Every structure is written in C-alpha cells, then in structure tokens.
Amino acid sequence: MRRQREKVVPKAKGVVLEIGIGTGLNLPHYRADQVISLTGLDPAIQMHPKALKRLGQTGLKLTLLPVGAEGIPLPDHSVDTIVMTYTLCTIPDPLRALIEMRRVLKPDGRLLFTEHARAPDADVRRWQDRLQPVWGRLAGGCHLGRDIRGLLENAGFGFTQIETRYLPGPRPLTFNVWGEAYRERAD
C-alpha cells in the first residue's frame with residue numbers, strides 16, 4: 001500500500017484536499033514545493049494528533065477538518081487536487097461523497113486515487129462477499145468489493161489514467177485500482 005501511495009500522492013499540486021487523512025500516512029509523500037495548501041478531511045478526530053505529529057518536518061501547512069466527505073465545507077471549484085487513498089471503501093455514502101468532491105474540484109482539477117476494489121475474477125468476488133461481514137467490522141467499515149470505477153463514473157468523473165492489479169497478499173483483500181480522474185461533465 002505504501003508503494004501505491006508513492007505512485008499517487010507526489011502528483012498533488014496547488015490547493016490540495018485529502019479525503020480521509022487519518023493518521024497522515026500520505027504526508028511524507030507530498031512535495032511541499034508543489035503544494036500551496038493542504039486540507040485534510042476526516043471525521044475520526046482521534047486520528048488527528050497522529051497526523052499532526054507526522055506533519056513534522058514536511059514543510060507543509062495543514063488544516064484538519066473533522067467532517068465526512070458527504071458534506072465538504074469548502075466552496076465550489078476551490079480545489080486543484082483531491083487525494084484519496086484507501087478511503088472510499090469506508091465512506092457510508094460513497095456516491096454522495098464523490099459528487100461533493102466533484103463540486104469542490106476546479107474545472108481543470110484532478111482527483112488522484114488508489115483504492116482496493118471489486119475484483120474482476122468471479123471466484124475472488126465470491127470470497128470478497130463472504131469475508132465482507134467480518135472484514136467490515138474488523139476494518140473500520142471497509143467494503144472490500146466496491147466498484148470504484150463505476151462509482152467515479154456515476155459521479156461525473158472521467159479518467160486521464162486508470163490502472164488495476166492485484167497487490168501481493170490474499171487476492172480478496174488486494175485487488176487495487178488507481179489513477180487520475182477529472183470532471184467529465186460541466187455543471
């Protein structure tokens with residue numbers, strides 16, 4: 001997962017919004033010379049102190065917002081880059097959250113993402129479905145088998161780049177999708 005973060009996060013530029021900043025695992029991967037400001041959104045305020053500690057020597061300025069992604073308290077078209085890593089799986093209403101992300105993203109902005117997703121192989125999907133009731137309770141509400149690409153498309157995003165593959169580990173837990181999305185439709 002660290003390698004996936006390394007592929008995505010350094011591409012962030014300008015006014016950046018990170019969805020689900022958690023304990024700040026992405027912070028070391030940002031390039032301070034490319035980021036004007038960074039806002040981290042996460043309703044789990046108990047994680048914010050760890051994120052601030054990780055901020056340390058990064059050279060970044062961080063504002064933390066203790067809210068969920070379904071109601072982002074930022075103006076329309078105010079963000080250059082949105083970063084979302086291993087977050088969409090836990091958001092209660094992922095489509096509503098993506099529509100909010102699209103709302104705050106500038107017309108020429110981009111959404112950088114890496115997420116685990118619904119596997120393409122039927123046998124792996126069956127295991128994802130079997131594991132989900134237990135996995136969701138153990139992993140903070142994580143949904144292993146969300147159709148990330150479909151959710152992004154339904155929210156009005158297109159793709160500059162999208163890649164998929166199984167990462168090392170148990171296949172039901174490791175199918176990943178990552179890339180760069182843009183606002184496909186005008187408002």
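The overall fold and the nonpolar cores of a predicted model are described below. Residues are numbered from 1 along each chain as its sequence is written, and side-chain values use heavy atoms, with hydrogens and water left out. Local features need pLDDT of at least 70 and side-chain atom pairs count only at pLDDT 80 or more, whereas totals for chains, interfaces and linings use all residues.

The protein contains six helices and seven strands, taken as DSSP runs numbered from the N terminus (helices, H or I, at least four residues; strands, E, at least two). From the N terminus on, their order is α-β-β-α-β-β-α-β-α-α-β-α-β. The radius of gyration of the protein is 16 Å, in agreement with the value near 16 Å for a compact globule of 187 residues; the radius is taken over C-alpha atoms, and the globule rule is 2.2 Å times the number of residues to the power 0.38.

Buried residues (under 20% relative accessible area, 1.4 Å probe, protein chains only) account for 50% of the 187 residues. The largest nonpolar core, a set of buried Ala, Val, Leu, Ile, Met, Phe, Trp, Tyr and Cys residues joined through side-chain atoms within 4.5 Å, has 30 residues, and those with the most contacts inside it are Ile 19, Ile 82, Leu 98, Met 101 and Leu 111. Helix H3 (94-104) is among the elements giving two or more residues to this core, and H3 gives the most, with four residues. Leaving aside neighbours within four places in sequence, Met 101 is in contact (heavy atoms within 4.5 Å) with residues including Ile 19, Ile 82, Leu 111 and Phe 157. Another core, of 16 residues, lies apart and includes Val 9, Ala 12, Val 35 and Leu 60.
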